[in-house]
Amino acid sequence: MQRDDGTTAGAGAGTRTGAAHGTRGAAFAMLVLAGLCWSLGFPLGKLALREMTPAHMVLWRFVVAAAVAMPFAVGSAAARALFRSPAVLLAGILYGVAFLVQFEGLARVSVTLAALLVGAMPALIAISARLLGEATSRISWIGVAGATVGAALIAGDPGDAGSLAGVLLSLASLLLFLGWFYALKAAPAAPQALAMPAVTVVVAAVVVAPLALLLHGAPPVALSGAAWAGIAGQGLLATALATAAWQYGASRVGSASAGVFINIEPLMGAILGVAFFGDRVTPLLAGGGMLILIGSLMAVMGEAPGHEVPPTAA
């Protein structure tokens with residue numbers, strides 16, 4: 001069809017389609033980066049946990065991340081206005097508390113076990129989406145059932161990979177992360193791409209600090225180089241960079257597509273746990289982990305195309 005400006009409707013549609021594919025490609029790249037960075041969190045955390053409590057480790061982690069994020073969080077009046085948003089504040093609170101609970105669990109389980117349990121997150125997203133009225137296919141529900149069975153197998157008999165308390169804490173943290181996920185979807189549009197993740201990290205640091213001090217007092221500073229490396233890696237890569245990359249990608253492809261990339265974290269985390277921490281993979285742990293990963297992948301791949309609509313603008 002010819003337009004008044006001499007171009008054709010088909011050409012314009014093709015240009016828009018190409019731009020959309022470019023945006024989705026960048027979003028997928030950021031989601032991959034987020035998954036890879038988050039997968040470093042458990043191995044680096046184990047290095048730091050040798051010399052401090054989980055709460056102190058999470059506090060140092062967010063101190064580092066907040067130092068990097070602060071210029072983006074307060075650099076403009078529009079970014080500072082995000083601190084007045086109830087949804088953003090809730091997201092930051094849930095994010096900080098979720099990490100406290102998660103690493104209390106990590107202190108009681110192996111890197112591999114903790115990583116595999118994270119694989120249940122996409123199934124939780126699929127369940128919550130259905131409860132909120134979104135269509136869910138039979139394949140998705142089969143995947144949710146498989147992931148649930150896998151988590152139950154691991155929780156029922158974690159063996160020498162950890163304790164039941166550690167498994168339950170790890171699973172409880174996923175519910176808090178789910179709350180963070182949906183709080184961000186309700187948050188207002190950010191003025192700059194890095195403003196929202198920066199404000200979220202700063203709020204989380206402010207929440208974590210008094211809780212850590214109340215639980216265990218002042219954090220230690222006389223740490224080995226390995227412990228400081230673990231803290232720096234968590235703060236810079238597994239928190240600041242991962243949070244920014246995830247929020248950029250997830251805001252552009254929607255929950256269903258984004259959920260697939262969460263499985264990068266448990267897969268890579270389990271590999272690193274076996275390779276560098278000598279974690280032993282029992283048949284039950286391997287079977288439960290595979291059910292979680294495959295089931296979660298089915299859960300998100302079976303969702304309706306309507307889930308692809310970007311939930312928010314970043």
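Trainee: Which residues does Ser39 touch, leaving out residues up to four places away in sequence?

Mentor: Happy to start there, with the reminder that this is a predicted model. Ser39 touches Ile264, Glu265, Met268, Gly269 and Leu272, not counting residues up to four places away in sequence. Ser39 itself lies in helix α1, residues 9–39.

Trainee: Why is Ser39 called buried?

Mentor: Buried means under 20% relative accessible area. Ser39 has a relative accessibility of 2%, so Ser39 counts as buried. Buried residues make up 50% of the 314 residues in the chain.

Trainee: How many helices and strands does the chain have?

Mentor: The chain has 14 helices and zero strands. Read from the N terminus on, the elements run α-α-α-α-α-α-α-α-α-α-α-α-α-α. As for contacts with a separation of 6 or more, 90% of them join residues 24 or more positions apart.

Trainee: What makes α3 and α11 oblique to each other?

Mentor: Let us set the angle against the limits. Helix α3 (residues 54–74) and helix α11 (residues 225–253) pack at about 55°, with their axes 8 Å apart. Angles under 35 degrees count as roughly parallel and 65 to 115 as roughly perpendicular. The value of about 55° belongs to neither class, and therefore α3 and α11 are oblique to each other. The crossing of α3 past α11 is right-handed. On the α3 side the contact includes Met57, Trp60 and Phe62, and on the α11 side Trp228, Ile231 and Leu236 are among the residues. By class, the residues of this contact are twelve nonpolar, three polar and one charged.

Trainee: Why is α3 also called oblique to α5?

Mentor: Here the angle is about 140°, with the axes 9 Å apart. Roughly perpendicular ends at 115 degrees, and roughly antiparallel needs over 145. The angle of about 140° meets neither condition, so α3 and α5 are oblique to each other. This crossing is right-handed. The contact is made by Pro54, Ala55, Met57, Val58, Arg61 and Phe62 of α3 and by Tyr95, Gly96, Phe99, Leu100, Phe103 and Glu104 of α5. Those residues divide into nine nonpolar, one polar and two charged.

Trainee: What makes α5 roughly antiparallel to α9?

Mentor: The axes of helix α5 (residues 86–106) and helix α9 (residues 164–185) cross at roughly 165° and come within 8 Å. Roughly antiparallel means over 145 degrees, and the angle of roughly 165° therefore makes α5 roughly antiparallel to α9. The crossing of α5 past α9 is left-handed. In this contact there are 17 nonpolar, six polar and one charged residues.

Trainee: Which residues have the most contacts inside the largest nonpolar core?

Mentor: They are Phe62, Trp180 and Trp246, in a core of 84 residues. Helix α10 (residues 195–216) gives the most to this core, with twelve residues. Phe62 is familiar already, being one of the α3 residues in the contact with α11. Trp180 touches Trp38, Ala91, Leu94, Tyr95, Thr200, Trp246 and Gln247, not counting residues up to four places away in sequence.

Trainee: Which residues of helix α7 are buried?

Mentor: In helix α7, residues 121–131, the buried residues are Met121, Pro122, Ala123, Ile125, Ala126, Ser128 and Ala129.

Trainee: Which residue just after α7 takes a positive phi?

Mentor: That is Gly133, with a phi of about 100°.

How values were computed:
Residues numbered from 1 in each chain as written. Predicted model: local features only at pLDDT ≥ 70, side-chain atom pairs only at ≥ 80, totals over all residues. Heavy atoms only, no water. Axes fitted to C-alpha atoms, helices over the stretch in contact; angles between N-to-C directions. Helix = DSSP H or I, 4+ residues; strand = E, 2+ residues; numbered from the N terminus. Left-handed = near helix turned anticlockwise from the far one by under 90°. Contact = heavy atoms within 4.5 Å. Nonpolar A, V, L, I, M, F, W, Y, C, P; charged D, E, K, R; others polar. Core = buried A, V, L, I, M, F, W, Y, C linked by side-chain atoms within 4.5 Å. Buried < 20%, exposed > 50% of the residue type's maximum accessible area, 1.4 Å probe, protein only.
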